[in-house]
Amino acid sequence: MKPFQPAIASDQLDRAARDYRATGRVRIEPVLVAAEADALATSLGDEAPWTRVLNQGDKVWDLDRAGLESLGPERRAALVEAVHGQAREGFQFLYDSVRVSEEAAKRRERGLPVDRLLDALNSPAWLDVFRTLTGEPGIRMVDGQATRFLPGHFLTSHDDNVAGKNRVAAYILSLTPRWRIEWGGLLTFHDDAGDVDLALSPRFNAIHLLRVPQVHSVSSVAPFAGVPRVSVTGWLRR
């Protein structure tokens with residue numbers, strides 16, 4: 001059997017498809033064989049090639065470990081202060097990422113577990129699952145990255161609707177074995193009145209799908225969070 005194939009029962013898939021079409025969002029668990037989910041989570045520990053990702057308007061910055069250390073404490077503190085300033089009124093994010101190429105050859109060349117996961121998500125088996133869930137037969141590819149939210153990391157409100165990207169839905173595959181609501185890092189959906197319509201805690205080996213466009217955010221991870229909030233995230237695209 002190929003790695004990372006969907007471990008979703010047919011009746012579970014049917015219920016999830018109905019829920020998604022009614023509300024534009026759904027959480028399904030479990031989605032991977034338990035041992036594979038465990039191994040994938042372990043591979044995304046401190047030794048993974050994480051980079052610090054943040055934006056300044058439309059420009060995105062990636063800083064690897066050496067780049068962060070070269071800034072020194074004062075410049076790192078100034079960077080965080082600037083990020084917080086931009087977050088008060090605008091779209092802002094701050095988290096760690098392991099980027100994954102959209103090109104299958106480059107994924108095979110690097111060969112990390114997260115690369116193999118994206119290969120699987122682009123296989124006929126997973127594409128059929130996503131087409132069934134969303135009711136969109138035109139889904140042709142899945143992109144993605146690993147994300148790690150440490151204390152103080154966040155993602156402000158946005159709807160994922162980017163011209164030319166042809167996004168049908170966003171997905172979040174949660175890979176944190178244990179999480180408490182008090183630790184923050186909640187996937188929150190916003191209503192038209194500016195209230196939180198729904199807030200979901202990351203749950204291990206669960207995948208969340210949300211229709212694009214849909215306003216949502218990830219709340220700030222608390223300074224006392226016991227572990228990083230780790231996921232694989234991306235979009236289903238036509």
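The legends below describe close-up views of a predicted model. Local features need pLDDT of at least 70 and side-chain atom pairs count only at pLDDT 80 or more, while totals for chains, interfaces and linings use all residues. Residues are numbered from 1 along each chain as its sequence is written, and side-chain values use heavy atoms, with hydrogens and water left out.

**View 1. Strand β2 and its partners β3 and β4.** Helices (H or I, at least four residues) and strands (E, at least two) are DSSP runs, numbered from the N terminus; two strands pair if DSSP finds at least two bridges between them. Strand β2 (residues 51–56) runs antiparallel to β4 (residues 93–99), joined by four bridges. Leu 54 is opposite Leu 94 of β4. Five bridges link β2 to β3 (residues 59–63), also an antiparallel pair. Arg 52 has Leu 63 in β3 as its bridge partner. Two residues lie between the strands of the β2 and β3 hairpin, where Gly 57 has a positive phi near 65°.

**View 2. Surroundings of Ser 97 in strand β4.** Ser 97 counts as buried (under 20% relative accessible area, 1.4 Å probe, protein chains only) because its relative accessibility is 0%. Its side chain makes a polar contact of 2.5 Å with that of Gln 145 (a pair of N or O atoms within 3.5 Å; within protein, one must be able to donate a hydrogen and the other to accept it, and residues adjacent in sequence count only if both atoms are side-chain atoms).

**View 3. Glu 89 in the loop between α3 (65–87) and β4.** Glu 89 counts as exposed (over 50%) because its relative accessibility is 78%. The C-alpha atoms of Glu 89 and Thr 156 are 9.5 Å apart, with the two residues 67 apart along the chain.
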